[in-house]
Amino acid sequence: MTPPPDTGGHDDHDHEHGHDDHDYGEPSEEFALEEGAAVQLSVPEMDCPSCAGKVENSVRKLDAVEDVDPQVTTGTLTVTYDETSAGPEDVAERVEKAGYTVESGVGETTEKFTVPEMDCPSCAGKVEHALDDVDGVSTYQTQPTTGKVVVSYDQSRVSADDITRAIESAGYEVTETTVSAEGGGDEPVPTESVWRSTRATKTWISGGFTVLGLLFEFVLPGANPELLAAPVTLSGADALFLAAVVAGGQEIVEGGYYSLRNWNLDIDLLMSIAILGAVSVSLVFGEALYMEAATLAFLFSIAELLERYSMDKARNSLQELMDLSPDEATVRRDGEERTIPVDEVRVGDTVLVKPGEKIPMDGVVADGESAVNQAPITGESVPVDKTAGDEVYAGTVNEQGYLEIEVTSEAGDNTLSRIVEMVEDAQSNKTEREQFVERFAGYYTPLVVAFAVLVTLGSPALLGATQTEAIVYGLTLLVLACPCAFVISTPVSVVSGITSGAKNGVLIKGGNHLEAMGEVETVALDKTGTLTFGELTVTDVVPLGENTKEDVLRCARGLESRSEHPIGEAIVERAEEDEVGEREIADFESITGKGVKAELDGTKHYAGKPGLFEELGFDLSHVHAATDGGVVTQKSRQICERNRCLDLLEDLVPDLQSEGKTVILVGTEEEVEGVIAVADEVREQSKRAIERLHELGIERVVMLTGDNERTARAIAEAVGVDEFRAELLPEDKVEAVRELDEEYGSVAMVGDGVNDAPALATATVGIAMGAAGTDTALETADIALMGDDLSRLPYLYELSHDANGVIRQNIWVSLAAKAALALAVPFGLVPIWAAVLVGDAGMTLGVTGNAMRLSRIKPESEQ
């Protein structure tokens, strides 16, 4: 890695950079609102705050620059400038002068560059500087956590090869671009193991020389020859230490050179000063600090490798999402089956999927039946049965049968691709804590450097230290001046939380939303489609007189088969499920607001509200009950003194309606044959989800619905919400959310993402449910529950709440550790190796490992 701080008021490294107090949104939206021209440059090597600082400082040397937005986690730099005084080429040139390569092809286009070695904010800063100097690049975004740089550029002025060269000029290799991928070029270069990289090889050589030097210095002093005599002494061990400095310090000093050229005070520059300072003092003043210089070069290189390893762990969590989709698909074209890359599959193609294979593209089942494991997309643990006409998603697994699927979207536009893209983009929406840390880092480094100077100059007089000890103290403090650990403490936690959520069917579209969800006090839930299935189903069939359930359903099916009302559709569907036969129907007529009538097998029948049968002259207070089981038998206990008589108006109908059900009577002009109750059934997991939210600390759960008071009350009591509000129009739901926010604090609103869009937008966090196949929900909500599984809601809250805790731990523990070490340095309690291994590498590994714990959180149903 190459760390963080910057002295130029560096504000943000994970998204399009802007130093004004504006919202951090999507780049295209944000910069469309800026005055002046905007250019986004791709600088993959800019992977740390320090690198971003170099880039920003270099770019700001242009008088025409109005705003600079280096984004470390995406490797992009967005610059707003006065186009009458400068052009994109001027900005790109400044980036390259910062030591970073800028990547850019005719007309405005956007490309993505893969830069595996850009793995820290400091590296991202270098890349951003390099992109700033490329003419023709409009905007860019660096993403150290994914090793990607997204660049928008003018192809008439710069090419992708130019951008690649610019990024590589900053010292970072570009292994893949969307240009080469789409053009069918070379396959992506796999990222090599950090422990087998060129940097690692140099580090091991440096370590070997260091160990040999220590051996001659302390174990075999008699075998340590003196190569130079006073005034400048040089022993064999010292020569080995110098060799260690050359091997391990080469890349450190190179990075420091780029930092110095752009007046960027980052870890590369600090470590270069420390190493070269120790060597200079040794060679010029005879203060033998060769061992300290070698130790710094070797241990800091180790720290860089450890940071790369830590960042790779964070990247792997996202890579696992990308790997869900297969690279090839078997399609049938012109009557022949052929296997082709998924990028060549076209909308309308028929894809063939055998048992056990992954479904390569979004589509609709054209032929075949199977159970499909949709857990990668929706988080559902139980495979879902799919038949002709059902929708399937790329990345899901065909468990059993053979499927032929008609493709409905391109490879880059399927549900899985959109999820991956949104997870990557989510990094640009920073949490408040992340923004605070990056602002703080701009002050931290200069303060510690100033403290190092004071300690070096003052410790001999105030603390009785020797001059050599004072210099070592100063060098140690320079090492601790790097705020890398707490700068990356938030980004790695956000990436871990967001990718963990995506694997469990929860799409969180920004670190700011993750943070906000963990702090909500109240959850508002829409009823229809959220707490309930959103579809009417038959819940009760009560036969009367000598009729059976089958008789009642057969008559009801005949009457409702020509009705387009949702109640009629529910009754027909239930009759079909029970395989109830059909009856001959004639003279069908809809009785507006009351029901329907028709002749069934020559006899006139009716189906409708109880009021319809009262108009027909029936005394609904004395209806004979049937004698066979179910609800009827229970109700028949309350018979009048005459032969098994039910009071429908005072007993059965009100009881069913109190449960939120709609009651339909079926009969002829002579007899009421039965009662059918229809309702939007409550989801099985709704009650437990609300209980779990309360267990996790949610203060209040409120149901909002446009349904009537009676139905709303029944559902509210069934699921256990604290409060319900009924008969609400969309604008009423918005007002209800505002009132809840004022009364209880932050509010999360859960709805279908379409009808509830205004309320979702008003809430602190808007959560869309069942969004896997809904483009609108994916785009409009802050968070999307991909499946129709409400158990994901308490999981989301637990994940977000724990993520906030992890972020707080990472920030304050790393900051406290740095402060404690820095204060202990003047008293000789912190050797220089401890500053590197504990203060830098150790804390970086610690915060990354702590962040990775979020991946262990699972929905309750999977624990």
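Which helix is Leu 214 found in? Let's find out in the close-ups of this predicted model.

**View 1. Leu 214 sits in helix H7.** This helix covers residues 198–219. Leu 214 is partly exposed there, because its relative accessible area is 32%, and partly exposed stands for values between under 20% (buried) and over 50% (exposed).

**View 2. Leu 214 belongs to a nonpolar surface patch.** Its companions in the patch are Leu 212, Leu 215, Phe 218, Val 219 and Leu 220. Together with Leu 214, these residues make a patch of about 510 Å².

**View 3. Six strands form an open sheet.** Follow them in the order S11-S10-S12-S18-S13-S16, with antiparallel pairing. Strand S11 (336–341) and strand S16 (391–392) stand at the edges; each has a single partner strand, so one side of each is left without a neighbour in the sheet.

**View 4. Strands S12 and S18 are joined within that sheet.** Here S12 (residues 350–353) and S18 (residues 403–407) run antiparallel, and four bridges join them. To pick out one of these contacts, start at Thr 350, whose bridge partner in S18 is Glu 406.

**View 5. The second largest pocket holds about 890 Å³ of space.** It is lined by 47 residues, and the closest to its centre are Leu 536, His 565, Ile 567, Thr 662 and Ile 664. Look also for helix H24 (residues 709–719): the largest share of the lining of this pocket, five residues, comes from that helix. Rolling a probe the size of a water molecule over the atoms shows where empty space is left.

Note on methods. Residues are numbered from 1 along each chain as its sequence is written. This is a predicted model: local features need pLDDT of at least 70, side-chain atom pairs count only at pLDDT 80 or more; totals for chains, interfaces and linings use all residues. Side-chain values use heavy atoms; hydrogens and water are left out. Two strands pair if DSSP finds at least two bridges between them. Helices (H or I, at least four residues) and strands (E, at least two) are DSSP runs, numbered from the N terminus. Patches are made of residues with over 30% relative accessible area and no salt bridge: like charges are joined within 9 Å, nonpolar side chains (Val, Leu, Ile, Met, Phe, Trp, Tyr) within 5 Å. Accessible areas come from the Shrake-Rupley method with a 1.4 Å probe; for residues, only the protein chains shown count as cover. A salt bridge is a side-chain nitrogen of Lys or Arg within 4 Å of a carboxyl oxygen of Asp or Glu. Buried means under 20% relative accessible area, exposed over 50%, partly exposed in between (1.4 Å probe, protein chains only). On a 1 Å grid over the protein atoms alone, a cavity is a set of points where a 1.4 Å probe fits but cannot get out, and a pocket is an open set with protein on both sides within 12 Å along at least five of seven lines; lining residues have an atom within 4 Å of a point. Grid points are joined across faces, edges and corners, and a volume is the space filled by probe spheres set on the points.
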